[in-house]
Amino acid sequence: MVFSQKMIERFRGVSRLVVITGAGISAESGVPTFRGSDGLWRRYRAEDLATPQAFQGNPRLVWEWYDWRRRLISGKKPNAGHMAIAAMEHLFEEFLLITQNVDGLHRRAGSTKLVEIHGNLWRVRCMGEGKVFPNNEVPLKEIPPRCECEALLRPDVVWFGESLSEKDLADSHMALRECECLMVVGTSAVVQPVASFPTIARNGGAFIVEINVEPTPISGWVDQSILGKSGEILPQLLESMK
Ligand code: BV8
């Protein structure tokens, strides 16, 4: 993959980088995406099951879906794309990774400067007391799982129709406004409010690069749209940044 000279020079001069990732970055780890043709989850349509209403109506079904995803993800590992992003956080004075993924693979790859803006399916939240704690049981011992206080536990993720954490939004908006370069990797750029994050960076004057295997609604206006697999492109991009 040959990057434009303009892009390589642009990266070399950058001290503040933000990266946004979606399900596509985990595809090469064998984790299906939500909306792609390979998406095993299309049978379940995230929009139908990842909602408070679905959980209220049938917590068992929703937890069976998450238990199935947790079992699938537990057998996968971060790919070269996750590893490259983890390495990038040491190359820039200011770096933030904003991931929509709840699979935990960025953390396992070593990323520390990250916002898991849709939560993490390896954490659970008590519906009674609101307490959040890790749960790595694979498979879950009981479905739906319950807290010691007897209340139902839910996955500590942001469902459709739920607001994102104010702190995550504030941290993300500040980084997007101030960054000199934004990389948008492996997202169909349709789920709000993250789908509007590239516009915040553009309004702040950032150079925007997209990496995806197919065009998305932002491909037409970003500075550089790279068509390719993130697991192949990101390691090459990392080399060109050094
Ligand atoms: C909110 C966690 C304020 C759970 C997820 C009506 C009622 C209520 C809300 C709405 C409404 N209409 C619109 C909304 C807003 C809604 C929304 O955006 N809906 C969409 C469907 C239009 N958003 C919300 O509800 C958000 N909250 O707005 O709060 C509010 C409150 C009340 C009422 C109104 C507003 C909350 C959204 C968060 C939902 N939670 N996940 C879980 O995962 O179980 S979203 C889910 O989608 C995942 O997080 C996922 O990451 C995310 C985005 O999808 P992508 O990551 O982009 O994945 P996708 O499969 O789509 O695309 C993969 C891409 O990778 C593709 O482009 C593919 O080409 C590419 N790719 C594939 N392989 C590779 C690759 N690229 C590179 N390399 C490869 N190898």
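Hi everyone, let's start in helix H5, where Pro59, Val62, Trp63, Trp65, Tyr66, Asp67, Arg69, Arg70, Leu72 and Ile73 are buried. Before I go on, please keep in mind that this is a predicted model. So what covers the buried residues of H5? The cover includes three helices, H3 (46–49), H4 (52–57) and H7 (105–109), along with two strands, S4 (119–126) and S6 (153–157). As for its own geometry, H5 runs over residues 59–74, which is 16 residues. From first C-alpha to last, H5 reaches 22 Å, close to the 22 Å expected at 1.5 Å a residue.

Next, helix H10. This one covers residues 230–241, and its buried residues are Ser230, Gly231, Ile233, Leu234, Leu237, Leu238, Ser240 and Met241. The length checks out here too: with 12 residues at 1.5 Å each, H10 should span 16 Å, and its end C-alpha atoms are 16 Å apart, which agrees.

H10 has helix partners, and I'd like to go through two pairings. As a reminder, two packed helices are described by the angle between their axes and the distance between the axes.

Take helix H6, residues 80–88, to begin with. H6 and H10 pack at about 25°, and their axes are 7 Å apart. Angles under 35 degrees count as roughly parallel, so H6 is roughly parallel to H10. The crossing of this pair is left-handed. On the H6 side, the contact is made by Ala80, Gly81, Ala84, Ile85, Ala87 and Met88. Facing them from H10 are Ser230, Gly231, Leu234, Pro235, Leu238 and Met241. Sorted by class, that contact has 9 nonpolar residues, 3 polar ones and no charged ones.

Now the other pairing, with helix H1, residues 5–12. H1 and H10 pack at an angle of about 65°, and the distance between their axes is 9 Å. Here H1 passes H10 in a right-handed crossing. H1 brings Met7, Ile8, Phe11 and Arg12 to the contact, while H10 brings Leu237, Ser240 and Met241. The classes for H1 with H10 come out as 5 nonpolar, 1 polar and 1 charged. If you are following along on the structure, Met241 is worth clicking on: Met241 appears in the contact with H6 and again in the contact with H1.

Let's move to some single residues, starting with Phe95 in strand S2. Is Phe95 buried or exposed? At 8% relative accessibility, Phe95 counts as buried. Leaving out residues up to four places away in sequence, Phe95 touches Leu17, Val19, Ile85, Met88, Glu89 and Lys113. Two of those names, Ile85 and Met88, belong to the H6 side of the H6 and H10 contact. Phe95 and Leu105 are 10 residues apart in sequence, and their C-alpha atoms are 18 Å apart in space.

Strand S2 spans 94–99, and in the loop between S2 and H7 we find Gln100. Gln100 counts as buried, at 11% relative accessibility. Beyond its neighbours within four places in sequence, Gln100 is in contact with Ile20, Thr21, Gly22, Ile117, His118, Thr187, Val191 and Val194. Val194 is 94 residues from Gln100 along the chain, yet their C-alpha atoms are separated by 7.9 Å.

Now for the backbone, which I suspect some of you were waiting for. The loop between strand S5 (132–134) and S6 holds Pro139 and Pro144. The peptide bond from Val138 to Pro139 is cis, with omega near -5°. Ile143 and Pro144 are also joined by a cis peptide bond, with omega about -5°.

That loop between S5 and S6 also contains Glu150. Glu150 is not a glycine, but has a positive phi of about 85°. At 59% relative accessibility, Glu150 counts as exposed. Ala189 is another non-glycine with a positive phi, about 55°. Ala189 sits in the loop between strand S7 (181–185) and helix H9 (197–203), and is buried, with a relative accessible area of 13%.

One last stop: Ile226, in strand S9, residues 224–227. Ile226 is buried, at a relative accessible area of 4%. How many residues separate Ile226 and Glu64 in sequence? They are 162 residues apart in sequence, and 37 Å apart in space from C-alpha to C-alpha.

That's my tour, and thanks for listening!

Terms used. Residues are numbered from 1 along each chain as its sequence is written. This is a predicted model: local features need pLDDT of at least 70, side-chain atom pairs count only at pLDDT 80 or more; totals for chains, interfaces and linings use all residues. Side-chain values use heavy atoms; hydrogens and water are left out. Axes are lines fitted to C-alpha atoms, for helices over the stretch in contact, and angles run from 0 to 180 degrees between N-to-C directions. Helices (H or I, at least four residues) and strands (E, at least two) are DSSP runs, numbered from the N terminus. A crossing is left-handed if the near helix is turned anticlockwise from the far one by less than a right angle, and right-handed if clockwise. Contact means heavy atoms within 4.5 Å. Ala, Val, Leu, Ile, Met, Phe, Trp, Tyr, Cys and Pro count as nonpolar, Asp, Glu, Lys and Arg as charged, and the others, Gly among them, as polar. Angles under 35 degrees count as roughly parallel, over 145 as roughly antiparallel, 65 to 115 as roughly perpendicular and the rest as oblique. The expected span of a helix is 1.5 Å times one less than its number of residues. Buried means under 20% relative accessible area, exposed over 50%, partly exposed in between (1.4 Å probe, protein chains only).
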